[in-house]
Amino acid sequence: KSLMDNERIENDKKTILVFTLMNFVLSMTAFLFSGILDKVAASLNVPVASAGMLNSMHSYGSAIGVPLTLILFRKFSRARMLKTMLALSILVNILLVTARGFGILLALRFLSGVSINSYGVLATATVIAMTKREHLGRSLALLIAGNSLALVVGIPFTRAISDLADWRVIFWALIAIMALCLTYFQVKLKE
């Protein structure tokens, strides 16, 4: 193999790991409320059952918004759409942690369902496109591991630290990681 081939392979491996990290982070933002619903409800001064709508709205955004978004913007390059959806996810989550009204939070969770899950579909397609056929199973397993780790480790961890930090602080940390990954993608993913 040439030096350039080896460099491309190393960059692809790093990029797959960044995709895995993003899958973990975005899954955390999607499922975070599930682990600390009682604390979120208390901080918003709403019943736990009402706070549960934050999860429902995220799911509705995914189910309704993702197909429409991907159909409406199908002419855009995959890399451009992926970066746009990640940037939108960052913006929506910043608005989420700074919002004060419960109705606004519900609308923002719907939008986060659209942006996060549109990103997820685009990330999967990008990983498939950039991976050699003989390594596809490994690359997809790594990508999916991000989601699994969020459910198995991340959500229980946030429950454990939620006595020390408000849910908004946890979201700020996740937003910071998203911003770093977006910067990486701006440099490494070509249109």
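This report walks through a predicted model of a single chain, from its overall build down to a few individual residues.

## The chain as a whole

Let's start with the fold in outline. The chain contains eight helices and zero strands, so reading from the N terminus the pattern is simply α-α-α-α-α-α-α-α. How compact is the chain for its length? Its radius of gyration is 17 Å, close to the 16 Å given by the globule rule for 191 residues, so the chain is as compact as a globular protein of that length. If you picture a box drawn along the principal axes, the C-alpha trace spans about 60 × 35 × 25 Å.

Inside that outline, 44% of the 191 residues count as buried. The contacts reach across the sequence: taking those between residues at least 6 apart, 84% join residues at least 24 apart. On the outside, the chain exposes about 9900 Å², and carbon and sulfur atoms supply 68% of that area. As for charge, there are 19 positive and 9 negative charges, and their mean positions lie 6 Å apart.

## Aromatic pairs

The model holds six aromatic pairs. One of them joins Phe73 and Phe76, whose rings are tilted, with 5.6 Å centre to centre and 55 degrees between the planes. Another joins Tyr184 and Phe185, and this pair is edge-to-face, at 6.0 Å centre to centre with 70 degrees between the planes.

Why does Phe73 count as partly exposed? Its relative accessibility is 35%, and partly exposed covers the range between the 20% limit for buried and the 50% limit for exposed. Phe76 is likewise partly exposed, at 35% relative accessibility. Tyr184 and Phe185, in turn, are both buried. Those two residues also belong to an aromatic cluster, which Phe19 completes.

## Helices H5 and H6

Phe19 turns up again among the neighbours of Thr126, a residue of helix H6 (residues 102-130). Setting aside residues up to four places away in sequence, Thr126 touches Phe19, Arg78, Leu82 and Leu189. Is Thr126 buried or exposed? Its relative accessible area is 9%, so Thr126 is buried.

Leu189 is also one of the contacts of Ala79, which sits in helix H5 (residues 78-98). Beyond residues up to four places away in sequence, Ala79 touches Leu189, Lys190 and Glu191. Ala79 counts as buried because its relative accessibility is 12%, under the 20% limit. Measuring across to another part of the chain, Ala79 and Thr124 are 45 residues apart in sequence and 12 Å apart in space, C-alpha to C-alpha.

Helix H6 also carries Val121. With a relative accessible area of 42%, Val121 is partly exposed. Which residues does Val121 touch, not counting those up to four places away in sequence? They are Val66 and Leu70. The C-alpha atoms of Val121 and Val66 are separated by 8.6 Å, although these residues are 55 apart along the chain.

## Around helices H2 and H3

Now to Ala41, which is found in helix H2. Ala41 is buried, with a relative accessible area of 2%. Leaving out residues up to four places away in sequence, its contacts are Val46, Pro47, Val48 and Ala51. Ala41 and Ala51 are ten residues apart in sequence, and their C-alpha atoms are 5.3 Å apart in space.

Asn45 lies in the loop between helix H2 (37-44) and helix H3 (48-51). What is notable about its backbone is a positive phi of about 60 degrees, although Asn45 is not a glycine. Asn45 counts as exposed because its relative accessibility is 72%, over the 50% limit.

## Accessibility side by side

Here are the residues from the last two sections together.

| Residue | Relative accessibility | Class |
|---|---|---|
| Ala41 | 2% | buried |
| Asn45 | 72% | exposed |
| Ala79 | 12% | buried |
| Val121 | 42% | partly exposed |
| Thr126 | 9% | buried |

To find these residues in the viewer, you could begin with Ala41 in helix H2, go on to Ala79 in helix H5, and finish with Thr126 in helix H6.

Methods. Residues numbered from 1 in each chain as written. Predicted model: local features only at pLDDT ≥ 70, side-chain atom pairs only at ≥ 80, totals over all residues. Heavy atoms only, no water. Phe/Tyr/Trp six-rings, centres within 6.5 Å; stacked < 30°, edge-to-face > 60°. Buried < 20%, exposed > 50% of the residue type's maximum accessible area, 1.4 Å probe, protein only. Helix = DSSP H or I, 4+ residues; strand = E, 2+ residues; numbered from the N terminus. Rg over C-alpha atoms; globule rule 2.2 N^0.38 Å. Contact = heavy atoms within 4.5 Å. Areas by Shrake-Rupley, 256 points an atom, 1.4 Å probe, with all protein chains shown as cover. Lys, Arg positive; Asp, Glu negative; His and termini not counted. Charge placed at Lys NZ, Arg CZ, Asp CG, Glu CD.
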